[in-house]
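Visitor: I am new to reading protein models. Could you walk me through this one and explain the terms as we go?

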Number of protein chains: 4
Amino acid sequence: MSESNKPTRGRDPNRRGRRGPVNGQATGTPASQRELRAQGRRTMRKLLDAGMRVFAERGYHAARVDDIVRAARTSHGTFYLYFASKEDLLRALAVECAQEWTDLAASIGPITRDDAGFEELRRFLGGFVGTYRRYGPIIRAWMEDQGGDREIGRLGVRSFTAIASALGERMDEVGAPHAVDSATSVAALMAMLERFNYVLVSRRIDVDDDVMLDSLARLVHRGFFFGAERGMAASR
Amino acid sequence: MSESNKPTRGRDPNRRGRRGPVNGQATGTPASQRELRAQGRRTMRKLLDAGMRVFAERGYHAARVDDIVRAARTSHGTFYLYFASKEDLLRALAVECAQEWTDLAASIGPITRDDAGFEELRRFLGGFVGTYRRYGPIIRAWMEDQGGDREIGRLGVRSFTAIASALGERMDEVGAPHAVDSATSVAALMAMLERFNYVLVSRRIDVDDDVMLDSLARLVHRGFFFGAERGMAASR
Amino acid sequence: MSESNKPTRGRDPNRRGRRGPVNGQATGTPASQRELRAQGRRTMRKLLDAGMRVFAERGYHAARVDDIVRAARTSHGTFYLYFASKEDLLRALAVECAQEWTDLAASIGPITRDDAGFEELRRFLGGFVGTYRRYGPIIRAWMEDQGGDREIGRLGVRSFTAIASALGERMDEVGAPHAVDSATSVAALMAMLERFNYVLVSRRIDVDDDVMLDSLARLVHRGFFFGAERGMAASR
Amino acid sequence: MSESNKPTRGRDPNRRGRRGPVNGQATGTPASQRELRAQGRRTMRKLLDAGMRVFAERGYHAARVDDIVRAARTSHGTFYLYFASKEDLLRALAVECAQEWTDLAASIGPITRDDAGFEELRRFLGGFVGTYRRYGPIIRAWMEDQGGDREIGRLGVRSFTAIASALGERMDEVGAPHAVDSATSVAALMAMLERFNYVLVSRRIDVDDDVMLDSLARLVHRGFFFGAERGMAASR
DNA sequence: TATGAATGAGTGTTCATTCAT
DNA sequence: TATGAATGAACACTCATTCAT
């Protein structure tokens, strides 16, 4: 599918050979690439934050560079001093987000059948929800991608996979009754987590966080980790 | 915030913009509104199909009216003879899709603990996957909505709710051990189904359909309908 | 009938359509709304002038934004940086024109029966012709309006009324023999002035300005201000 | 000015060699050109009337062929069976209108200083108003023309001139005190009549017809035909 | 380092006119 | 004689990106 035909507008850098930095100014060399002084770092942060806010409000596609620079109280020129493109800003935010995911993945302890396991699961889910709350727009942009920049997509997949693997391991180590194949179970769990959080965040379901986390943790603990085995239709 | 600011281009706000059937050449009065002869119906179908294809390939936003008319081997003018806008085409497809969802919702029989219940669940999931395969792009457009046409969004929510309710009833009637609150359970289940299918369809996970359906059915049967109760961390 | 259905093309009704300052790049926020630096003001002036020229050549409706930007030696983008739409440019020009009208209205002194009065009238008419020459296309756009932007229409009516009132007062104060009712007289006078100038400017009647002004002033002085009363068919 | 660049849309017949009648069907051969049977004449009349109505509602430019055929309860195809283009319909209506003007011009009797002359003038003005009421939209289209079809413009000018000449003659024959030059007087009178009627018809000034006609006749009788000569600023 | 101004390819939509039946 | 369907050039407007200061 998706021959990577992304609609670009105005000067399309892909079509006409990205000219790279033009005059003296190292235009758009993103983040860490250039040494930034205090002021520079401050401006960059302003843009990143503004990006988050605007992406959250409008979604990545609908967000206009102009919205972002206005939110950051800067100018177009400045934007392109720090980011090569709108997508580059997304990428930068995605990197931040990916870091959080990875940390979260690394922090998952064993999920046992008892209360301690439940608590651990609940803690993890709390972290998941927190990250999603903060980076929801970015994550959504990952998923909606559909032919945009492959690199960002990969970043998302990697982060997701990190968590999925961690969860998978925890399931295996307690002999979670995988419904036939482990991949499907984990995929289903991840799918549920992602979309559940999406609904939670965007459609603003008004459930108390504590209650909701309890429900979700219970659901996962029972449904995915320690599903019932007796008295049911037999596995094939 | 974000008062439904979606970037579309080129619509005349004065003459036709304000939604609904208009005047010029009965332009864009969709489907049922105008009486169509055989040829007209054929062309409309061509456009609907082309729309599905193109939305599938590029996603709704990235899809260009030009792509659609090329795929349908017609002209721009013809397109606007049948649909008031690109969004109107989406709406028309959404209506078709909503019908399938509703039918599917109505068809869910009791999900018992035994093999029959499992089979019923599996059958339903099969239908779900099928519909998602056919209308995936539309459903995705629903979800990505983010400030587009509220009407289409509502249509999606309604369809989704229909299924969710049906599933909820089936869960209640067998006393499924809701993880604290029923709403969360159902929401989680729906979330999982939606996103799981999304991944399935878009990222083309290569699992045999039969195997995957088995896994999924098992997972839902156990995890959501007949989750284990004994020997686990107690519900609070 | 005809609820203000004017055919424009290509405006996005969702994002910017609903009139007034918008967001994208502070696009099209006209004149006074944004602070402009020297260069900005220059460009804006260029566009206003080009607009006048093109409207004069083709008329408002037939004028293409493309013609205007070509005449101004700028780009489409730049145009929309200063004006929200073609109509907005018309509005801006209309405001300038309205100012001239208003000033002109304020400047009308007493029109007496003697030479001084005649001269005053002639001076005023000279101003009228001058303004019409400069802003003819705009005035014509006002009149042709027919369901376009009500606001612009009102602006025109206000300006016109200002002059009409001033003339009416001058007529009353010398007891001009209103042909039955004052409103009709003034309306007729204004009608004559407007259309006479229209013909003058557009169809380029080749009369020497001085001669023509003399004729016109004489006509108005006699016909409208000091029409004969004796020996004629009696007023009813 | 006005390089006669009329914006055409779709298949522009001027740009690509008007192909003339295509297959067997004598498409668009207007009115009198073809022998029409009863039904044909009826359809043609329906279209002419619908044209008048729609032009009146929307103005010529804003009127869509579709509006017209819908008003006439016919189809696009039929329209082009009787008229070669939208403009051709205008032309046909213009011919009808020109006939009325010409008849009106021929009917103007001597305008004497006494009551009989006043009555004659009033009668003529009544006819003028009547014609304007019926054909206002057409007349307006004439005036707004600005680079459209020269032929239609000429038709209008001819009709107008016919009346102007007749009036001019009547003025000369009673020695009306032309304000310096006759051409200006007549031009001014015509200008006044046209625009006054325009305002009357379009802006729907609510004056009783009888009263208004009286005022207008009085005004013209006095102002243009028998302007005061004594005690005023001397003619130069 | 920062900024306001400029650019122009790209997009959705319109509507006069022609075609096929 | 009539019609519904089809066409596609034309147009207004957008917005990511670059330029000049």
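**A guided tour of terms**

Visitor: What makes the contact between B:Asp67 and B:Arg58 a salt bridge?

Guide: The side chains of B:Asp67 and B:Arg58 meet at 3.3 Å, N to O. A salt bridge is a side-chain nitrogen of Lys or Arg within 4 Å of a carboxyl oxygen of Asp or Glu, so this pair counts as one. Before we go on, please note that this is a predicted model: local features need pLDDT of at least 70, side-chain atom pairs count only at pLDDT 80 or more, and totals for chains, interfaces and linings use all residues. Residues are numbered from 1 along each chain as its sequence is written, chains are lettered from A and ligands numbered from 1 in the order in which they are written, and side-chain values use heavy atoms, with hydrogens and water left out.

Visitor: How do you know whether B:Asp67 is buried or exposed?

Guide: Look at the relative accessible area: under 20% means buried, over 50% exposed, and in between partly exposed (1.4 Å probe, protein chains only). B:Asp67 has 13%, so B:Asp67 is buried. B:Arg58, with 17%, is buried too.

Visitor: How many salt bridges does a search of the whole structure find?

Guide: The search finds 59 over all chains. One of them joins the side chains of C:Arg122 and C:Asp214 at 2.6 Å, N to O. C:Arg122 lies in helix H6 of chain C and C:Asp214 in helix H9 (residues 209-225) of chain C, so this pair ties together parts that are 92 residues apart in sequence. Helices here are DSSP runs (H or I, at least four residues), numbered from the N terminus.

Visitor: Why is C:Arg122 called buried or exposed?

Guide: C:Arg122 has 15% relative accessibility and therefore counts as buried. C:Asp214 is buried as well, at 14%. Elsewhere, salt bridges that share partners join A:Glu194, A:Arg195, B:Glu194 and B:Arg195 into one network.

Visitor: What makes A:Arg73 worth a stop?

Guide: Most residues other than glycine have a negative phi. A:Arg73 is not a glycine, yet has a positive phi of about 55 degrees. A:Arg73 sits in the loop between helix H2 (65-71) and helix H3 (76-82) of chain A. With a relative accessibility of 74%, A:Arg73 counts as exposed.

Visitor: Where is C:Arg73?

Guide: C:Arg73 is in the loop between helix H3 (65-71) and helix H4 (76-82) of chain C. C:Arg73 also has a positive phi of about 55 degrees, and at 73% relative accessibility C:Arg73 counts as exposed.

Visitor: Why are H6(C) and H8(C) called parallel or perpendicular?

Guide: The axes of H6 (residues 115-144) and H8 (residues 182-202) of chain C come within 9 Å and cross at roughly 85 degrees. Axes are lines fitted to C-alpha atoms, for helices over the stretch in contact, and angles run from 0 to 180 degrees between N-to-C directions. Angles under 35 degrees count as roughly parallel, over 145 as roughly antiparallel, 65 to 115 as roughly perpendicular and the rest as oblique. H6(C) and H8(C) are therefore roughly perpendicular.

Visitor: How do you know what H5(C) and H7(C) are to each other, parallel or perpendicular?

Guide: The axes of H5 (residues 86-106) and H7 (residues 150-173) of chain C cross at roughly 10 degrees and come within 9 Å. H5(C) and H7(C) are therefore roughly parallel to each other.

Note on methods: Helices (H or I, at least four residues) and strands (E, at least two) are DSSP runs, numbered from the N terminus.
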